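The exercises below concern domains and the space between them. Work through each task before turning to its solution.

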Amino acid sequence: MNGLHELFCTLLHAYNKRHWWPAKTPFEMMVGAILTQNTTWTNVGKAIANFGDRLSPAFIAHVNCDELAQIIRSSGYYNQKAIKLKALTEWYGKYEYTIEKAAHIDGELLRTELLSVKGIGRETADSILLYALHKPFFVIDTYTKRILSRLGYDIPTAYDDLRLKIEASLPRDVYLYNEFHALIVEHAKRHCKKKPSCAGCPVETVCQKRI
DNA sequence: GTCCCGACTA
DNA sequence: TAGTCCGGAC
């Protein structure tokens, strides 16, 4: 895919560094990755805040599912997500709730593990790999597909086909992947929405405006 | 009513 | 591949 690095530079110039992921700890990041599935971040923020000082693996491991569901109610799909947080925490326990111990494992192996956890699909797995474990996997979300599609790129149907295509077009660099995805999210929120608002868009001159 | 940084089930 | 899960902001 030609021009991806130029796109990165344009977005970086337009929006500046994003300093992602917005979370105080790696575990909070992983919890946020589950809670934000098909949900606005403002609703996730309310759920995170509802934990108070209880946002720890030990708490989630021991609290009952109904109480956990009520804590995260604002994030939607709360019954499903309560089960997912339990499953995530159980996986994390394999590494004694220590991100350094998990990060010691090979990235591809970790990805396979994460994908076997109930509630963690490809996008969520890659988010966790990139933002909590600092492994170079490019995160594909609806924003990424929408923006690249409107810019005229041919988007493969399968998630991993697109991911590998993008990764092959960029230096395999955790910092670059981190910042790029953050910029994509910012661009999607500011301009490249489902109903686009193109006034002031930094890539308007090269956009195909395919809806 | 629409939309939101998806994933599972059948 | 469609149906389901689900609240909250707009």
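**Exercise 1.** At which residues does UniProt place the feature "domain: HhH-GPD"?

*Solution.* The structure to be examined is a predicted model. The unreviewed UniProt entry places this feature at residues 35-190. Over that stretch the chain is 65% helix and 0% strand, while the C-alpha atoms at the two ends are 22 Å apart.

**Exercise 2.** Describe how domain 1 and domain 2 of chain A meet.

*Solution.* Begin with the assignment, in which domain 1 comprises 4-19 + 138-206 and domain 2 comprises 26-131. Next, take the centres over C-alpha atoms, which are separated by 25 Å. With contact meaning heavy atoms within 4.5 Å, 13 residues from domain 1 and eight residues from domain 2 take part. The area buried between the two domains is about 860 Å², and carbon and sulfur atoms give 56% of it. On the side of domain 1, Val139, Tyr159 and Asn178 lose the most area to domain 2, together accounting for 46% of what that side buries.

**Exercise 3.** Locate the largest pocket, and explain why it lies between domain 1 and domain 2.

*Solution.* The largest pocket holds about 700 Å³ of space. Of its 23 lining residues, Thr36, Thr39, Glu123, Asp141 and Tyr143 are the closest to the centre. Two or more lining residues come from each of α9 (122-131), α10 (142-150) and α12 (174-190), and α9 gives the most, with four residues. By class, the lining divides into seven nonpolar, ten polar and six charged residues. Because domain 1 (4-19 + 138-206) and domain 2 (26-131) both give residues to this lining, the pocket lies between them.

Conventions. Residues numbered from 1 in each chain as written. Chains lettered and ligands numbered in written order. Predicted model: local features only at pLDDT ≥ 70, side-chain atom pairs only at ≥ 80, totals over all residues. Heavy atoms only, no water. UniProt positions renumbered as here; feature names shortened; annotations may be inferred. 1 Å grid on protein atoms, 1.4 Å probe; cavity = no way out; pocket = protein on both sides within 12 Å on 5 of 7 lines; lining within 4 Å. Points joined across faces, edges and corners; volume = space filled by probe spheres on them. Nonpolar A, V, L, I, M, F, W, Y, C, P; charged D, E, K, R; others polar. Domains from an automatic or database assignment. Buried area = accessible area lost by both parts, 1.4 Å probe.
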